[in-house]
Amino acid sequence: FGTGVRPLVVDAAAQDALKTLKRIERDDLGLTIMPFCALMRGAGTLAFIRRWMRAVEREPDESRRLNYRDWSLILADLAGWAVDSTTTGPLTPEARMPATPTAV
């Protein structure tokens, strides 16, 4: 006995999105990491978003590709980024949503 299981906590916001994507492209990391790239530094650039979109095409299962996209958008939204799924424009800090909701 003496074998234990502990969670591994990774601060995604402290990770570099481009370096992580390169590791995914080299098969050092699995495609299941792709949604978490939305939480990482540098993920909001247009160049990164385009590269992410090319990399996700490596997943042969269309429903999984769509899940990765949807989960990425959800995580980006939860992180406070202004997300517009109809555009591939950059998500810049200036585009961040307000910290508190505004009344309509």
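# Reading a three-helix chain

Guide: The chain has 3 helices and 0 strands. Keep in mind that this is a predicted model.

Visitor: In what order do the elements run from the N terminus on?

Guide: The order is α-α-α. Helix α1 covers residues 17–25 and helix α2 covers 46–56. Helix α3 takes in residues 62–78.

Visitor: How do I read burial for the whole chain? What share of the residues counts as buried?

Guide: A residue counts as buried when its relative accessible area is under 20%. Here 24% of the 104 residues fall in that class. The chain exposes about 7600 Å². Carbon and sulfur atoms supply 58% of that area.

Visitor: What do contacts say about parts that lie apart in sequence?

Guide: Take the contacts with a separation of 6 or more. Of these, 53% join residues 24 or more positions apart.

Visitor: Now the core. Which residues of the largest nonpolar core touch the most other members?

Guide: A nonpolar core is a set of buried residues joined through side-chain atoms. The largest one here has 14 residues. Leu21, Met34, Cys37, Phe48 and Trp52 touch the most other members. Two elements, α1 and α2, give two or more residues each to this core. The most come from α2, with 4 residues.

Visitor: Let me pick one of those. Which residues is Trp52 in contact with, leaving aside its neighbours within four places in sequence?

Guide: Contact means heavy atoms within 4.5 Å. On that reading, Trp52 is in contact with Leu21, Met34, Cys37, Tyr68, Arg69 and Ser72. Look at Lys22 too, which has its place in helix α1. Lys22 and Trp52 are 30 residues apart in sequence, but 9.8 Å apart in space, C-alpha to C-alpha.

Visitor: Is Lys22 buried, partly exposed or exposed?

Guide: Lys22 counts as partly exposed because its relative accessibility is 35%, between the cut-offs of 20% and 50%.

Visitor: Ser72 was in the Trp52 list. Where does Ser72 lie, and is Ser72 buried or exposed?

Guide: Ser72 lies in helix α3. Its relative accessible area is 10%, so Ser72 is buried. Apart from residues up to four places away in sequence, Ser72 touches Met34, Pro35, Ala38 and Trp52.

Visitor: Pro35 is on that list. Where is the place of Pro35?

Guide: Pro35 sits in the loop between α1 and α2. Do not judge burial by the element alone. Read the accessibility. Pro35 counts as buried because its relative accessibility is 2%.

Visitor: What does Pro35 contact, leaving aside its neighbours within four places in sequence?

Guide: Pro35 is in contact with Tyr68, Trp71, Ser72 and Leu75. Distances add to the picture. Pro35 and Asn67 are 32 residues apart in sequence and 8.7 Å apart in space, C-alpha to C-alpha. Asp70 and Pro35 are 35 residues apart in sequence, with 8.1 Å from C-alpha to C-alpha. Asp70 lies in helix α3. With a relative accessible area of 30%, Asp70 is partly exposed.

Visitor: Which residue in the loop between α1 and α2 can I compare with Pro35?

Guide: Try Asp27, placed in the loop between α1 and α2. Asp27 is exposed because its relative accessible area is 57%, over the 50% cut-off. Check the backbone as well. Phi of Asp27 is near 65°. That is a positive value in a residue other than glycine.

Visitor: Last topic, pockets. What volume does the second largest pocket have, and which residues line it?

Guide: Its volume is about 200 Å³. The lining is Val10, Ala12, Gln15, Lys19, Thr20, Arg23, Leu29, Ile33, Phe36 and Met40.

Visitor: How many lining residues fall in each class?

Guide: The lining of the second largest pocket has 6 nonpolar, 2 polar and 2 charged residues.

Visitor: Met40 ends that list. Is Met40 buried or exposed?

Guide: Met40 is buried, because its relative accessible area is 10%. Met40 lies in the loop between α1 and α2. Setting aside residues up to four places away in sequence, Met40 touches Ala12, Ala13, Gln15, Asp16, Ala17 and Thr20.

Visitor: How far apart are Met40 and Ala17 in sequence and in space?

Guide: Met40 and Ala17 are 23 residues apart in sequence. In space they are 5.0 Å apart, C-alpha to C-alpha.

Note on methods: Residues are numbered from 1 along each chain as its sequence is written. This is a predicted model: local features need pLDDT of at least 70, side-chain atom pairs count only at pLDDT 80 or more; totals for chains, interfaces and linings use all residues. Side-chain values use heavy atoms; hydrogens and water are left out. On a 1 Å grid over the protein atoms alone, a cavity is a set of points where a 1.4 Å probe fits but cannot get out, and a pocket is an open set with protein on both sides within 12 Å along at least five of seven lines; lining residues have an atom within 4 Å of a point. Grid points are joined across faces, edges and corners, and a volume is the space filled by probe spheres set on the points. Ala, Val, Leu, Ile, Met, Phe, Trp, Tyr, Cys and Pro count as nonpolar, Asp, Glu, Lys and Arg as charged, and the others, Gly among them, as polar. Buried means under 20% relative accessible area, exposed over 50%, partly exposed in between (1.4 Å probe, protein chains only). A nonpolar core is a set of buried Ala, Val, Leu, Ile, Met, Phe, Trp, Tyr and Cys residues joined through side-chain atoms within 4.5 Å. Accessible areas come from the Shrake-Rupley method with a 1.4 Å probe; for residues, only the protein chains shown count as cover.
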